[in-house]
Amino acid sequence: FNTLNSISSYLRKDVEIADEMIGRLGDFLRITLQNSGAQEIQLQQEINFLKQYLEIEQLRFQDRLQADFDIAPDTLTALVPNLILQPIVENAVRHGISAMIGPGIIRITAERYNSKLQIKIMDNGPGFQEMKRGIGITSTTNRLKQMYGDQGQFYIAHNQEGGVIVILEMPFHESEAN
């Protein structure tokens, strides 16, 4: 819905960007529908989905938004909850990058620690004065707990280098086809 609002504002300012955003939103929605019935998908699919979302946002922010991925190759086949990362990255864009005048960076990492998968989403935005648990954070936390019990963890804090860091932890497991 935030993307639709952005497209609406660009229809008056820059029709070419609005048209490109509509095309990419269509691609984004197609991928969403392809995986809509799946509880879990491979991390590689989730990252591809996230990259499509970020392409839309990069049209909006131009060179003010940089996305950096550091995904360990041995994590790509790990199963993660479908659409678990997009709300967190959307928060980083909405509350971090959009509040900045200069360039913003969102960094996504994934590593395997013994029997756990750890995914970090970091931004270099202004951080937060008071942490509010909105819909994105609450639903992500609840999904992790519902799917993995105490092994599903969600952490949010100020990043030492500025901005916010969100850490998701869950059991590392792969589909039986792997």
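**Surface, helices and rings: a quick chat**

Modeller: The accessible surface of the protein chain comes to about 9,800 Å², and 49% of that belongs to carbon and sulfur atoms. Keep in mind that this is a predicted model.

Colleague: OK. How much of the protein chain counts as buried?

Modeller: Of its 178 residues, 42% count as buried.

Colleague: And how many helices and strands are there?

Modeller: Five helices and seven strands. Along the sequence, the pattern reads α-α-β-α-β-β-α-β-β-α-β-β.

Colleague: Let's pick helix α4. Is it mostly covered or mostly uncovered?

Modeller: Mostly covered. Helix α4 spans residues 86–96, and eight of its eleven residues are buried. Among them are Ile88, Val89 and Val93. Glu90 is on the buried list too.

Colleague: New topic. Where is tyrosine 113?

Modeller: In strand β4, which covers residues 104–113.

Colleague: Why is tyrosine 113 called partly exposed?

Modeller: Because its relative accessible area is 41%. Partly exposed lies between the 20% and 50% cut-offs.

Colleague: How far is tyrosine 113 from phenylalanine 172?

Modeller: They are 59 residues apart in sequence, but 8.4 Å apart in space, C-alpha to C-alpha.

Colleague: How many aromatic pairs does the structure hold?

Modeller: Zero.

Colleague: So which residue lies over the face of phenylalanine 172?

Modeller: Arginine 112, at 3.8 Å from the ring centre. Elsewhere, the charged end of lysine 51 sits over the ring of phenylalanine 69, 5.0 Å from its centre.

Colleague: Last one. What share of contacts between residues at least 6 apart joins residues at least 24 apart?

Modeller: In the protein chain, 71%.

Note on methods. Residues numbered from 1 in each chain as written. Predicted model: local features only at pLDDT ≥ 70, side-chain atom pairs only at ≥ 80, totals over all residues. Heavy atoms only, no water. Buried < 20%, exposed > 50% of the residue type's maximum accessible area, 1.4 Å probe, protein only. Helix = DSSP H or I, 4+ residues; strand = E, 2+ residues; numbered from the N terminus. Phe/Tyr/Trp six-rings, centres within 6.5 Å; stacked < 30°, edge-to-face > 60°. Lys NZ or Arg CZ within 6 Å of the ring centre and 35° of its normal. Contact = heavy atoms within 4.5 Å. Areas by Shrake-Rupley, 256 points an atom, 1.4 Å probe, with all protein chains shown as cover.
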